[in-house]
Each structure stands twice: as structure tokens, then as C-alpha cells.
Amino acid sequence: MRSLSILAALSGTAALTAGTALAGGLDEPVQEPVIQQAAPVVAPIDWTGGYVGLQFGALNSNLDNDVGIFDDEYSFGTNTEGGQVGIYGGYNWQTGGPWVYGVEGEYNWVDADDDASVTVTTLTGGEIDGTAEAQIDATGAIRGRVGYAVDRALFYAAAGAAYIDYEVSADVGNRSDSDSADNWGWTAGFGVEYAFSDNWSGRIDYRYSEFDGDDGSFYEGSSDGDYDLDLDTSELRVGVAYRF
């Protein structure tokens with residue numbers, strides 16, 4: 001009888017141990033939490049501060065010239081086209097919101113020219129063929145800017161005073177002469193600028209300008225070569241600036 005009791009106790013202990021092991025084997029393994037890396041956040045740029053830059057682009061102009069030679073009034077137009085390289089700089093103010101205000105100046109060296117054929121009626125009723133030429137050497141501007149910042153991009157409009165340096169010439173019959181002038185006018189345009197970093201930005205800028213051109217005489221001491229000019233220009237540029 002005592003042997004049966006011992007056997008029963010050993011059997012119960014073995015069954016309990018097996019049940020506990022079986023239950024543990026059915027448990028799911030504990031999963032380690034997966035930590036995902038957050039995408040880097042690009043901080044918005046504060047546009048307040050000064051900047052200087054270098055720009056490259058193209059110029060297109062329309063020049064209307066009213067000329068009196070041999071008491072005959074005639075008009076001709078030239079479509080002056082060419083390239084330019086320039087410098088620009090200015091200062092921006094941003095007061096905490098998306099609006100940015102600024103002032104900017106620029107100067108560009110230009111290589112653009114065009115010529116036109118003309119026919120002049122002489123005092124005796126004859127006709128003389130000739131040519132007239134216009135050449136633009138430089139442009140500049142002083143502009144105010146108003147912009148709206150979206151993340152690192154700045155969309156802006158600008159307007160102000162424009163400067164141009166040009167030369168006109170005429171070659172009619174055996175008479176030829178040239179005259180140079182510089183004029184001020186008005187300008188307006190728009191563009192977009194993007195800040196690649198805290199200190200560097202690039203932009204695309206368009207500027208339209210109109211000038212009440214110069215008047216004078218091709219032939220010094222003669223009223224036969226009087227001229228009166230009006231011109232407008234369109235300039236499209238790309239630029240890179242360092243921001244302080």
C-alpha cells in the first residue's frame with residue numbers, strides 16, 4: 001500500500017511538470033518594439049538680411065527712332081538682342097510672417113545690337129539708301145521688392161527705376177555719325193528665389209523697363225540729323241547669391 005502511494009505521488013509530479021512545460025512552449029515570443037526613424041524636417045528660412053549675387057541672362061529691346069535728314073522725317077525700329085552678365089545686391093526684412101520686404105540694386109554689362117535699312121528722300125526728290133544701328137552697353141535698376149515665402153521658396157514682385165546706356169548711329173549716303181546716351185525710366189518684374197542653405201540662394205528674375213529715350217543730332221552743327229528715341233527692354237536672368 002505504501003508503494004502505491006509513493007508511485008501515485010511521483011506520477012502526479014511528473015504530469016504537473018509536463019503540463020507546465022507544454023504550456024510554456026505554446027506562449028508567443030515577446031516582440032521587441034520597432035523604432036522608425038522620423039523624416040528630417042527642413043526648417044523654414046528667415047529671409048531677413050543682406051545679400052550679394054552674380055547673374056547671367058538675355059536682353060531683348062524695341063527701339064523706335066524718329067529721324068529728320070534732308071528735311072525728311074522717317075522712322076525705323078530695331079529689335080536689339082544679346083546677352084548680359086551682372087551683379088546685384090540688397091536687403092530683406094521678414095517680420096515673423098510669410099511676407100518679405102526688400103530693396104535691391106543691380107548693374108549689368110550688355111552685348112546687344114541690331115541694325116535697320118533706311119531710305120531717305122533728298123532735297124531734290126531723289127532717294128538715298130542707308131543703315132541705322134543701335135547698341136546697348138549696360139542696364140541697371142534700383143527696385144523695391146515684396147515677396148511671399150513658402151518653406152524655402154520666395155515668390156516676389158519688384159518695381160522701381162531703371163537705367164540704360166546705349167549708342168545709336170546712322171550711315172546715309174556719304175554722311176555717317178554716332179551718338180551715345182544714358183537714360184532713366186521705370187521698371188517692373190517678378191521672380192522666384194530658393195534658399196539652398198542658410199547662406200546660399202538661387203533665383204530666376206524677369207524685368208521689363210521703359211525709357212523716354214534721348215534726342216539730339218547725328219551731325220554736329222546740322223539740324224538735318226535730328227533724332228528722337230523711345231525704347232523698352234525685357235531682361236530674363238538666373239542668379240546665385242550669398243546671404244549674410
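Helices (H or I, at least four residues) and strands (E, at least two) are DSSP runs, numbered from the N terminus, and two strands pair if DSSP finds at least two bridges between them. The model is predicted, so that local features need pLDDT of at least 70 and side-chain atom pairs count only at pLDDT 80 or more, while totals for chains, interfaces and linings use all residues. Residues are numbered from 1 along each chain as its sequence is written, and side-chain values use heavy atoms, with hydrogens and water left out.

**Exercise 1. Describe the overall make-up of the chain.**

Step 1. Begin with the secondary structure, which comes to 1 helix and 9 strands; read along the sequence, these elements follow the pattern α-β-β-β-β-β-β-β-β-β.

Step 2. Turn next to burial, where buried means under 20% relative accessible area, exposed means over 50%, and partly exposed lies in between (1.4 Å probe, protein chains only). Of the 244 residues in the chain, 36% are buried.

Step 3. Finally, consider contacts, meaning heavy atoms within 4.5 Å. Among the contacts between residues at least 6 apart in sequence, 68% join residues at least 24 apart.

**Exercise 2. Trace how strand β6 is joined to β5 and to β7.**

Step 1. Take β5 (residues 153-172) and β6 (residues 175-195), which run antiparallel and are joined by 20 bridges. As one example of the pairing, E167 has S180 in β6 as its bridge partner.

Step 2. Look at the turn of this hairpin, which has 2 residues between the strands and in which G173 takes a positive phi near 60°.

Step 3. Follow β6 onward to β7 (residues 200-211), to which 11 bridges join it, again in an antiparallel arrangement. Here A195 stands opposite S201 in β7, and the hairpin of β6 and β7 has 4 residues between its strands.

**Exercise 3. Classify two aromatic pairs, and say where their residues stand on the scale from buried to exposed.**

Step 1. Recall the rule: rings of Phe, Tyr and Trp (its six-membered ring) pair if their centres lie within 6.5 Å, and planes under 30 degrees apart count as stacked, over 60 as edge-to-face and the rest as tilted. A search of the whole structure finds 10 aromatic pairs.

Step 2. Apply the rule to Y163 and W184, whose ring centres are 5.4 Å apart and whose planes meet at 55°, so the pair is tilted. This pair links distant parts of the chain, since Y163 is in strand β5 and W184 is in strand β6, 21 residues apart. Y163 is buried, because its relative accessible area is 17%, whereas W184 counts as exposed at 53% relative accessibility.

Step 3. Apply the rule to Y242 and F244, which form an edge-to-face pair at 5.5 Å centre to centre, with 80° between the planes. At 33% relative accessibility, Y242 counts as partly exposed, while F244 is exposed, with a relative accessible area of 62%. Ring pairs also bring in W200, so that W200, Y242 and F244 are linked into a cluster.

**Exercise 4. Work out which residues and strands build the nonpolar cores.**

Step 1. Start from the meaning of the term: a nonpolar core is a set of buried Ala, Val, Leu, Ile, Met, Phe, Trp, Tyr and Cys residues joined through side-chain atoms within 4.5 Å. In soluble globular proteins, nonpolar side chains tend to be buried together.

Step 2. Examine the largest core, which has 14 residues, of which L63, I136, I164, Y166, V168 and L231 touch the most other members. At least two residues of this core come from each of β1 (49-69), β3 (99-121), β4 (127-150), β5 and β9 (226-243), and β5 gives the most, with 4 residues.

Step 3. Note that another core lies apart from it, with 6 residues, among them I45, V100, A149 and L154.

**Exercise 5. Describe the surroundings of S61 and of R152.**

Step 1. Place S61 in strand β1, where it is buried, with a relative accessible area of 1%. Leaving aside its neighbours within four places in sequence, S61 is in contact with T78, N79, T80, I136, D232 and T233.

Step 2. Place R152 in the loop between β4 and β5, where R152 counts as buried at 15% relative accessibility. R152 and D198 are 46 residues apart in sequence, and their C-alpha atoms are 9.7 Å apart in space.
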